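Reader: I would like to work through this structure one feature at a time. Please give the general idea for each feature, then the case at hand.

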Amino acid sequence: MTKTAKQTLVRIDDLKVTFPLRRGALKALRGVSYTMEEGEILGIVGESGSGKSVSVQALMRLLPEYAQIEGAIDFEGSSVFDLDKKKELPKFRSEKTAMIFQEPGRSFDPLYSMEKTFRETLRLHYPSETDEELRARSIELMREVQIPQPEERLSSYPHQFSGGQLQRVMIALALAGNPRLLIADEPTTALDVTIQAQIVELLLKLRKKRGMGIIFISHDLDLVARIADRILVLYGGLVMEEAPAAELYKAPAHPYSQGLLHALPAFGTHYSSHELHTIPGTVPNPIHPEPGCPFAPRCSRAKDECRRAIPELERKGERSRRCLFPLDGPAAQAGADPAVDGSADAPADNAKGGAKS
Amino acid sequence: MSTHLELKDLSIRFSLEAGLFAKYGRFVYAVNGVSFELKRGETYGLVGESGCGKTTLARLAVQMYKADEGDVIFHKNDGGSHRLSELKKKELFDYRSRVKYVFQDPARSLNPRMTIYSILTEGYRQSPAWPGEEQGRKEAEEMMQTVGLNAEDLDRRPADFSGGQRQRISIARALIMKPELLICDEVVSALDVSIQSQILNLLLELKEKFNLTMLFIAHDLTVTTYFCDRIGVMYRGKIVEEAPAKLMAEKRLHPYTNLLYNSIPSRMNEALELEAYEPFDSTQPLEGCPFYHRCPRREEKCLKLPELQDIDGERRLACYFPMEQEES
């Protein structure tokens, strides 16, 4: 994890996104701010409807015309809203940023061979090169994402690849323009867990090699804690908590982050000796949000003042939280899972196994 | 504990192409000779990656597909047993009222045009146990409360409910006929994290209340370890290892099980096998060990299929070269 003074890559300030629907105005984001440094991996965690995808779609200027957007999004110091749609935006979307999606199978044209898919993308960046030169570049990229026998696989079609391999190819295509920021929106959700582990390792390796920043979006806090340097927890279109990954994982300050962490069992626990903590209720309604803290209706610590107005996002050192009654460090640590940054191997298991019997 | 459900040497293959002009002779070998037992009152977890045959196996157990080989034997709570391959239509009815299935995606398994009441009672009405409209309505109302919904919601339709609530409806539909055995096929995978735990707790509560035996199919190992008494790990249509959940969390002997458990996000570490590999081709009949092509420990002997063998009374394993007492 890089700690040297780096340049700010992305700065999002008080971003509000509203979709005017017939049923009412859907407030997808209600004032989200964050910054991201060069080469950093920022994890965004949230449940469905929390606004995690909308925030990056706004950054990529992928939101539909009718979406009402307020606030500022700067990339390398200049606003993305100033980009000229015809001239600058395509370049921005391939040479500055790139994106990979949840279901790699749906992101490919089934009638294009891989060679043609690569050629189409690479031609944008290297318009004067011959097919042969582009082919060499494709093979290079496929090798970088560890596709075996890239020379032969180039003539294959998407259906001849497995899901994990397609996601690798997606990553290779995203790398074609040498972007400074890779946005991965639930890139492993559709994949099996052994493949997920491989993709995560690959992304970590690529970050190291190319020094690009990654925004990694997922609903799985365990997974995000594994890959990200910093984590942003979104709920109801607001940032609930932001902290370095290990710290948030060890001692969440916001009751919602804690709820997310404890909602699923820790590995090795068993129903016969551990009750599962649940978060009662359901995710908030984005059309008619409650006036106060979006989590207040489900929060066990909520008091009247939580329901009156949305609490401010308070900064404390490297962490910030939006909560009037945040959890104390030590109290939260008692129940937290120690498993993070790969230290979760046998001893941790045994400790847990011992504790439960 | 007595045996409740026995799956004996089940196999099924699907024709790769269908239709009048389909070429025959090409098959997907989905389940390749699987045997295991569910004890009365236990929760048996079936885990494995997509395509390993776990859902197919569960569907074989309720005869949504007919097995090519093997049989399912069900020992009723009130004595007597059903042998699935020999059941007549009426007996199949009885069997299916005792063994119920809950599907993965509640959005797609509830008919959007039906009211919740008709969804709950559709199967029940066909059964000889149907107590009539008045009593049926009453039972449906009770069942709604049992799964944590309002009795007044019976006249609404699935679209009015969130994902978690719909899954509760699916569970209510399964339980209204007072089954003995519940098959839960990835019942929490489509739900938000904060909702998953609600459903898991509900299932635990209901299991207690109705004395259910459960077959729990999932790909999330952390959840399965928590929720199940015993776990069977499937790969390529075979069970490769089976052990009590707690034991499996501590120690795994099959190289595949070990890889699978080391891929759990909270346990991932650098020692993982990272090379990309070719996915298995299930159109070839299984001859050797199903994990042969990926296994770091393979040897020539593994080209011959290892049997799933009891090794210490608690664990069954199909491997010639198991991981030795390694604890990670």
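The dialogue below takes the two chains, then their contact, then one residue.

Author: Keep in mind throughout that this is a predicted model.

Reader: What helices and strands does chain A have, and how many of each?

Author: Chain A contains 13 helices and 12 strands. Chain B, by comparison, has 10 helices and 12 strands.

Reader: How do I judge whether the radius of gyration of chain A agrees with that of a compact globule?

Author: Set the value against the one expected for a globule with that number of residues. For the 357 residues of chain A the expected value is near 21 Å, and the chain has 22 Å, so the two agree. Chain B has 328 residues, for which a compact globule would be near 20 Å; its 21 Å therefore agrees as well.

Reader: What do the chains span along their principal axes?

Author: The C-alpha trace of chain A spans about 65 × 50 × 45 Å. For chain B the spans are about 65 × 45 × 45 Å.

Reader: What percentage of the residues in chain A counts as buried?

Author: In chain A, 45% of the 357 residues are buried. In chain B, buried residues make up 45% of the 328.

Reader: And which share of the contacts in chain A joins residues at least 24 apart?

Author: Take the contacts between residues at least 6 apart in sequence: in chain A, 65% of them join residues at least 24 apart. The corresponding share in chain B is 66%.

Reader: How many residues does each chain bring to the contact between them?

Author: Chain A gives 45 residues and chain B gives 40. On the chain B side, the elements that supply two or more residues are helix 7 (193-210), helix 8 (221-227), helix 9 (245-250) and helix 10 (255-262). Helix 7 of chain B has the largest share, with nine residues. By residue type, the side of chain B that touches chain A divides into 18 nonpolar, 15 polar and seven charged.

Reader: Now a single residue. Where is H82(B) placed, and why is H82(B) classed as it is for exposure?

Author: H82(B) lies in strand 5 (residues 81-83) of chain B. A residue needs 20 or more other C-beta atoms within 10 Å to be buried. H82(B) has 19, so it is partly exposed.

Reader: Which residues beyond its sequence neighbours is H82(B) in contact with?

Author: Leaving aside neighbours within four places in sequence, H82(B) contacts F74(B), L87(B), E91(B) and Y95(B). Y95(B) is 13 residues from H82(B) in sequence, with a C-alpha to C-alpha distance of 7.2 Å.

Methods. Residues numbered from 1 in each chain as written. Chains lettered and ligands numbered in written order. Predicted model: local features only at pLDDT ≥ 70, side-chain atom pairs only at ≥ 80, totals over all residues. Helix = DSSP H or I, 4+ residues; strand = E, 2+ residues; numbered from the N terminus. Rg over C-alpha atoms; globule rule 2.2 N^0.38 Å. Buried ≥ 20, exposed ≤ 12 C-beta atoms within 10 Å, placed from the backbone. Contact = placed C-beta atoms within 7 Å. Nonpolar A, V, L, I, M, F, W, Y, C, P; charged D, E, K, R; others polar.
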